[in-house]
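Biologist: I have a new structure open and I would like to learn to read it. Can we go through it feature by feature?

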Amino acid sequence: MQRTKRMHSRRLIEEEKKGGSISFVYVGRLAFDKYVETLLLAYEGALEVLNSTIWKDLNKDKISPTPVLYLAGAGELDVEAKRINKRFKYSIELLGSVAPQ
């Protein structure tokens with residue numbers, strides 16, 4: 001687990017050095033049975049770390065990329081996604097329902 005965290009941290013730092021941003025995508029119903037609540041809680045936790053003073057002290061002279069979570073779908077967790085989005089200055093793109101093909 002520690003090795004995975006270190007590799008992930010290194011990847012974030014390398015991406016930041018390149019000036020890139022990080023995107024996550026979820027396509028499906030925004031519902032508890034799809035574990036979207038877990039996704040939203042994890043994403044909110046990651047944003048809290050990126051906005052913490054400790055993280056900012058470690059990256060003083062750098063501009064941290066703001067990750068974006070794209071949610072394509074609708075459901076009972078729309079309200080929770082909107083709450084997080086408002087709290088963290090629009091870091092979630094709510095794309096709405098996706099038509100079946």
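Biologist: Let me start with the sheet. In what order do the strands lie, and is the pairing parallel or antiparallel?

Modeller: One caution before that: this is a predicted model. Now the sheet. It is open, and its 3 strands follow the order 1-2-3. The pairing is parallel.

Biologist: Which strands stand at the edges?

Modeller: Look for strands with a single partner. Here they are strand 1 (23-27) and strand 3 (92-96). Each has one partner strand, so one side of each has no neighbour in the sheet.

Biologist: By how much are neighbouring strands turned against each other?

Modeller: On average by 15°, with direction ignored.

Biologist: How many bridges join strand 1 to strand 2?

Modeller: Two strands count as paired when at least two bridges are found between them. Strand 1 and strand 2 (residues 68-72) are joined by 5 bridges. Take Tyr26 as an example: its bridge partner in strand 2 is Leu71.

Biologist: And how many bridges are there between strand 2 and strand 3?

Modeller: There are 4, again in the parallel sense. Follow Leu71 across: its bridge partner in strand 3 is Leu94. Leu69 also has a partner there, namely Ile92.

Biologist: Where should I expect the side chains of a strand to point?

Modeller: In a regular strand they alternate between the two faces of the sheet.

Biologist: Is strand 2 enclosed or open to the outside?

Modeller: Count its buried residues. In strand 2, 4 of the 5 are buried, so the rest of the structure largely encloses this strand.

Biologist: Now the helices. Which strands does helix 2 lie across?

Modeller: Helix 2 (residues 36-50) lies across strand 1, strand 2 and strand 3. Its direction runs at about 160° to strand 2. Helix 4 (residues 78-87) also packs on the sheet, where it touches strand 2 and strand 3. The angle between helix 4 and strand 3 is about 145°.

Biologist: What handedness does the unit of strand 2, helix 4 and strand 3 have?

Modeller: These three elements make a β-α-β unit, and it is right-handed.

Biologist: How do I describe two aromatic rings that meet?

Modeller: Use the distance of the centres and the angle of the planes. The count in this model is 1 aromatic pair. Phe24 and Tyr43 form it, with 6.1 Å centre to centre and 75° between the planes. Planes over 60 degrees apart count as edge-to-face, so this pair is edge-to-face.

Biologist: Which elements does the pair link?

Modeller: Phe24 is in strand 1 and Tyr43 is in helix 2. They are 19 residues apart, so count this as a link between distant parts of the chain.

Biologist: Are those two residues buried or exposed?

Modeller: Compare their relative accessible areas. Tyr43 has 6%, so it is buried. Phe24 has 37% and therefore counts as partly exposed.

Biologist: What about the loop between helix 4 and strand 3: where does Ser91 lie, and is it buried or exposed?

Modeller: Ser91 lies in that loop. Its relative accessibility is 0%, so it counts as buried. Beyond its neighbours within four places in sequence, its contacts include Tyr43, Leu47, Pro67 and Asn85.

Biologist: Is Lys89 buried or exposed?

Modeller: Lys89 lies in that loop too, between helix 4 and strand 3. It is exposed, with a relative accessible area of 71%. Its C-alpha atom is separated from that of Thr66 by 9.8 Å, although the two residues are 23 residues apart along the chain.

Biologist: Now the whole chain. What pattern does it follow?

Modeller: Along the sequence, the pattern is α-β-α-α-β-α-β. That comes to 4 helices and 3 strands. Of the 101 residues, 26% count as buried. The chain exposes about 7600 Å², and carbon and sulfur atoms supply 56% of that area.

Methods. Residues numbered from 1 in each chain as written. Predicted model: local features only at pLDDT ≥ 70, side-chain atom pairs only at ≥ 80, totals over all residues. Heavy atoms only, no water. Helix = DSSP H or I, 4+ residues; strand = E, 2+ residues; numbered from the N terminus. Axes fitted to C-alpha atoms, helices over the stretch in contact; angles between N-to-C directions. Contact = heavy atoms within 4.5 Å. Phe/Tyr/Trp six-rings, centres within 6.5 Å; stacked < 30°, edge-to-face > 60°. Buried < 20%, exposed > 50% of the residue type's maximum accessible area, 1.4 Å probe, protein only. Right-handed = clockwise from strand over helix to strand, strands pointing away. Areas by Shrake-Rupley, 256 points an atom, 1.4 Å probe, with all protein chains shown as cover.
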